[in-house]
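Please open the structure in a viewer and keep the selection panel at hand. The tour below proceeds from one selection to the next and describes what is found at each stop.

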Amino acid sequence: MDTNLTYDAARAYDHITQLAIPRLVDSAGEAEAQDYIVEQFTALGLDVSWEPFSFTKFPAEVLPRIISMLFVPIVLSVPWIGDRFPIPVCLACLFSLFIALLFTQWQKRFESLYDVGKRLRTENIIATNGQKRDSNTPTFLFLAHYDSKSQALPIAVRTVSYGIAIIGLVALTVVAIIKVGTVGAGLPSPYDYIVWSVAGTTVFCLLLLQANTTQNRSPGAFDNASGVGVMLEVARVVTALDVKKPITFLATGAEEYGMCGALRYIQAHADEFDQENTYIINLDGLGVGNGVSIVTRYGIPPVRTTRTLADLFRASGESLGVPVSERYLPIGVGLDSIPIASRGFETVTLMAKGVGGVALKVHSKQDRSELLNEESLQPVGELIVDVIERA
């Protein structure tokens with residue numbers, strides 16, 4: 001084992017290049033990535049285990065399509081029959097808006113949907129440093145998903161489409177409410193052409209999302225060999241430093257099908273961690289731009305996932321001179337930290353600060369290791385090590 005006590009981005013980048021192959025669930029690339037991760041953890045002398053789990057594609061691929069298609073006639077009903085049936089149309093719009101916003105947040109009551117349909121199987125890879133957990137010593141859990149996928153629509157296009165669809169649905173709901181208020185007074189319904197335009201644009205986005213098929217063409221360097229590479233190098237440094245705090249490194253499977261690995265892990269192990277003394281750090285999308293973003297809020301309305309961890313990262317950033325900014329992800333992006341945060345744990349996701357140059361390449365065959373650079377990987381690793389020591 002290399003006993004160098006400092007984080008080295010060159011080593012992290014080397015891991016990324018080894019892992020940057022198409023590795024969708026149940027592919028040869030996935031098996032190769034799993035073997036590589038286990039080999040690296042084992043070489044560090046960590047306690048390594050495989051944890052198989054089952055899941056289905058229903059929540060990630062089937063349910064969103066069903067909901068989107070149900071929204072289409074409701075959206076079109078506003079300009080089409082809103083004047084004749086204002087109250088039913090208004091109620092349908094309000095219900096649709098409620099459902100749309102509901103699914104921007106994690107709902108524990110719907111976790112049973114991961115058992116609906118054909119079962120698939122994959123594994124989480126777990127490595128620990130052997131330190132016992134107690135109520136007086138901070139515990140760290142690091143996550144990074146090792147699977148990748150390609151899709152017909154880049155993630156940036158999907159996020160924008162989701163956003164436009166929700167904004168359109170909000171606008172049409174407001175129109176429907178106005179129609180209920182004005183129809184009794186015999187007032188005209190002006191600007192119908194604007195309403196038709198909003199409805200048409202919203203329907204276009206909903207239908208566009210239906211065309212988003214999943215394939216196995218992306219090497220997934222940025223998403224998310226980068227996170228795994230950084231985690232492996234952090235694991236090496238932690239081992240070399242002989243850190244006495246309990247640390248678990250979790251390489252999750254099937255993140256691209258709805259954060260399945262993180263969900264199955266926390267379902268099985270939540271009771272093993274003290275919520276008041278556990279810090280969970282997800283690594284997803286690193287190695288570009290200048291600085292680090294920490295995702296601390298998601299969904300509509302915003303759900304905050306941390307306060308203490310955010311303070312730790314800001315303090316470390318100021319100490320090291322690393323720009324650290326908080327980030328809010330309202331819609332369209334799933335993160336492994338989310339199902340864990342729903343259990344009340346302190347969680348953040350670390351992402352690159354400047355992702356504009358790669359946003360259209362994520363989930364495509366262009367997501368290669370050449371997009372990343374060691375200069376961007378170095379500060380994030382130093383930041384993580386400093387937070388571990390500071391906690």
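The expected span of a helix is 1.5 Å times one less than its number of residues. The model on display is a predicted one, and the first stop applies this rule to a helix.

**Helix α6**

Select residues 192–210, which form helix α6. With 19 residues at 1.5 Å a residue, α6 should span 27 Å, and its end C-alpha atoms are indeed 27 Å apart, so the expectation and the model agree.

Next, colour Val 195, Ala 199, Thr 202, Val 203, Cys 205, Leu 206 and Leu 209, the buried residues of α6. Why do they lie on the same side of α6? They cover an arc of only 155° around the axis, and therefore share one side of the helix. An α-helix has 3.6 residues a turn, so residues three or four places apart point the same way. Now add Tyr 193 and Phe 204 to the selection; these exposed residues sit on the face of α6 turned away from its buried side.

**Helix α4 and the nonpolar patch**

Move to helix α4, residues 86–102, and select Ala 100, which lies in this helix. Is Ala 100 buried or exposed? Its relative accessible area is 14%, so Ala 100 is buried. Leaving aside residues up to four places away in sequence, Ala 100 touches Phe 71 and Leu 169. A distance drawn from Ala 100 to Tyr 162 should read 9.8 Å between C-alpha atoms, although 62 residues separate the two in sequence.

Remain on α4 and select Leu 94, another residue of this helix. Leu 94 has a relative accessible area of 37%, so it is partly exposed. Then add Ile 87, Leu 91, Ile 177 and Val 180: together with Leu 94 they make a nonpolar surface patch of about 420 Å². Two elements, α4 and α5 (155–183), each give two or more residues to this patch. Which of them provides the largest share? That share, 3 residues, comes from α4.

**Salt bridges around Asp 115**

The model contains 12 salt bridges, and the next selection shows how one residue can take part in two of them. Select Asp 115, then Arg 264; the closest N and O atoms of this salt bridge are 3.0 Å apart. Arg 264 belongs to helix α8 (residues 260–269), whereas Asp 115 is in the loop between α4 and β2 (120–128), so the pair ties together parts that are 149 residues apart in sequence. Now show Arg 119 as well, whose side chain meets that of Asp 115 in a salt bridge with an N to O distance of 3.6 Å.

The partners differ in accessibility. Arg 264 is buried, at 14% relative accessibility. Asp 115, at 35%, counts as partly exposed, and Arg 119, at 46%, is likewise partly exposed.

**Helix α11 and a network**

Proceed to helix α11 (residues 374–390) and select Arg 390 and Asp 386. Their side chains form a salt bridge, with N and O 3.0 Å apart. The two residues are 4 apart in this helix, which means that about one helical turn separates them. Arg 390 is partly exposed at 37% relative accessibility, while Asp 386 is buried at 16%.

For the last stop, select Arg 304, Asp 311, Arg 314 and Glu 326, which are joined into one network by salt bridges that share partners.

How values were computed: Residues numbered from 1 in each chain as written. Predicted model: local features only at pLDDT ≥ 70, side-chain atom pairs only at ≥ 80, totals over all residues. Heavy atoms only, no water. Salt bridge = Lys/Arg side-chain N within 4 Å of Asp/Glu carboxyl O. Buried < 20%, exposed > 50% of the residue type's maximum accessible area, 1.4 Å probe, protein only. Contact = heavy atoms within 4.5 Å. Arc of directions from axis to C-beta. Patch = residues over 30% accessible without salt bridge, like charges linked within 9 Å, V, L, I, M, F, W, Y side chains within 5 Å. Areas by Shrake-Rupley, 256 points an atom, 1.4 Å probe, with all protein chains shown as cover.
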